[in-house]
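Have your viewer ready and your selection tool at hand. We will go stop by stop, picking what to select next and looking at what is there.

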Amino acid sequence: MEIVPFVPTPDDVPASPTSDVDHYQQFSPARKRFRHSWDSTTMMDSTRSSPAPSQDSSSEPRRDNRYYFSDGSCILQVGNTLFNVHRSRLSQDASSFTTLFTLPQGDIPEEGTSDERPIVLQGDTPDEFRNFLWSLYALPHEIMMARSSQMDLNRLVDVAKVANKYSFRSTESWALDAIQKYIEKKPSPLFSPVSPGLHFSLNPPASSLPDSKAQISRLIRLAQTCSHQRLLDTMVSLLRQLMSTSLHYSYLAMTLADELDLRELRGLAYLEVLQRAVFYSVRDRDGESLVEGEIQETPDGLERLVVSPMQQHRLLSGHFRLCKIWEKLRGTPLTFEHSPSCGTNWNQHACTQNWVDFWKERTRADGLLSLDSANVLGRLTFILKEFERWGSVTYMHQDCKVVAKRAIHEKIKNVQESLPDYFYEGGEYLSCTK
């Protein structure tokens, strides 16, 4: 292996790089076929002449059994399904449809007036749009049910997603708040084995992992798309708990952090993968088919994870940078200001020397050396616990012991906060050559 030189910054924290990950545009805007140019809303910008989704083009569109009303005034096509609903319902809440319906049609027949010329909406599924229409036509007792323990979480996720896309602001806010309140119930229904709609468990069986990961991903993407910080914080906190139970969740967290540029999740997710797995890039082995995210158990009991080349680069870079940070910490004990009373009625030199001796001794302890050298947080936590046990008998001024303990806490916090900045490609890194 070839080591590319690394020069630590004064405070041992690399500058935060500019993110090179574009935010995913998860929910594409509506499209309506017409021939007039305009430049007002997102829906306007994306409304162009377009066919129905390709996956549905092999068969004729079918009328929806529930939301194709005989007295409807606007026919919409979503996928291979036709909906005939009322323009007055679609125009409420200052939605994008309000502007859409005011567009001049010119000499061409108006769209949305027949099954042959529906308004085609792109990017939604029939089920998603059907669930959204439920929010426009639901009866009072059905609305009440949405906030009860029997709520359909999948339906509310669809309502929030589609409402956000078409600018039904109050509907979106209502759905997101209902989701948030449901998730925050005590005990949380997300950890209940019989939770309707979505199912989570802190120790899920292997067969349920794909569904569980997809459900968590959907809620996090929804919160990010709708800029609902409270829901995003709740789901990120949940995923951070799950990371310690399975490498599947660690990889999911790492991938979502890259996709959505979630700083609060990225550092811990990369560190968890770094400590738990033997990782390979999809380009590592010629002739072997490797799939990103695939996890296999190695003969020695470790888990092998297949990552993207970019993720492998970031993992190696993070490992190298964290090792360099530890090398400096090991050789240079943390500094702190002695208590004023230490210099007046105590031997300050002896106080300092005892701290240095403690640091050097504990950084060579077997318990600390059993941790990976890149596990800076784990090693600092080990030192903190040792100081709490050993600090009461060491020859240090009592006030200085408090200050020294605070210095360890502050260093741990500093590393935690800067952790995402270690895992990025470019700059100094450990280069592996064949």
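Helices on this tour are DSSP runs of H or I with at least four residues, while strands are runs of E with at least two, and both are numbered from the N terminus. Keep in mind that you are looking at a predicted model.

**Stop 1: the whole protein**

Start with everything shown. The protein contains 17 helices and 9 strands. Of its 434 residues, 48% are buried. Among contacts with a separation of 6 or more, 68% are between residues 24 or more positions apart. Switch on the surface if you like: about 21,700 Å² is exposed, with carbon and sulfur atoms supplying 50% of it.

**Stop 2: helix α10**

Now select residues 247-260, which form helix α10. How far apart are its end C-alpha atoms? They are 20 Å apart, which agrees with the 20 Å that 14 residues should span at 1.5 Å a residue.

Look just before the helix and show the side chain of Ser246. Ser246 caps the N-terminal end of α10, with a side-chain oxygen 3.1 Å from the backbone nitrogen of His248. At the other end, α10 is followed by Asp261, which has a positive phi, near 55 degrees.

Is α10 largely enclosed or open? Because 12 of its 14 residues are buried, α10 is largely enclosed by the rest of the structure. The buried residues include Leu247, Tyr249, Tyr251, Leu252, Met254, Leu256 and Leu260. Polar side chains are on the list too, among them Ser250, Asp258 and Glu259.

**Stop 3: the largest nonpolar core**

In soluble globular proteins, nonpolar side chains tend to be buried together. Here the largest nonpolar core has 105 residues, and Phe129 and Trp355 have the most contacts inside it. The helix you just visited, α10, gives this core its largest share, 9 residues.

Select Trp355 and show its surroundings. Leaving out residues up to four places away in sequence, Trp355 touches Pro333, Leu334, Phe336, Phe387, Met396, Ala404 and Ile408.

**Stop 4: aromatic pairs**

Next, show the aromatic rings. A search of the whole structure finds 17 aromatic pairs. Select Phe97 and Phe101: their rings form a tilted pair, 6.0 Å centre to centre with 35 degrees between the planes. Both Phe97 and Phe101 are buried.

Then move to Phe358 and Phe387. Their ring centres are 5.2 Å apart and their planes meet at 65 degrees, so this pair is edge-to-face; the angle cut-off for that label is over 60 degrees. The pair links distant parts of the chain, 29 residues apart: Phe358 sits in helix α14 (residues 348-362) and Phe387 in helix α16 (residues 376-390). Phe358 has a relative accessible area of 0%, so it is buried. Phe387 counts as buried as well, at 4% relative accessibility.

Return to Phe97 and Phe101 and add Phe83, Phe129, Phe132, Tyr166 and Phe168 to the selection. These residues form one aromatic cluster.

**Stop 5: Val162**

Finish with Val162, in helix α6 (residues 153-165). Which residues does Val162 touch, not counting those up to four places away in sequence? Val162 touches Asp124, Glu128, Phe129 and Phe132. Phe129 and Phe132 also belong to the aromatic cluster. Val162 counts as buried, at 0% relative accessibility. For a last check, draw a C-alpha to C-alpha distance between Val162 and Asp124: they are 7.8 Å apart in space, and 38 residues apart in sequence.

Notes: Residues numbered from 1 in each chain as written. Predicted model: local features only at pLDDT ≥ 70, side-chain atom pairs only at ≥ 80, totals over all residues. Heavy atoms only, no water. Expected span 1.5 Å × (residues − 1). Buried < 20%, exposed > 50% of the residue type's maximum accessible area, 1.4 Å probe, protein only. Polar contact = N/O pair within 3.5 Å; in protein donor to acceptor, adjacent residues only side chain to side chain. Contact = heavy atoms within 4.5 Å. Areas by Shrake-Rupley, 256 points an atom, 1.4 Å probe, with all protein chains shown as cover. Core = buried A, V, L, I, M, F, W, Y, C linked by side-chain atoms within 4.5 Å. Phe/Tyr/Trp six-rings, centres within 6.5 Å; stacked < 30°, edge-to-face > 60°.
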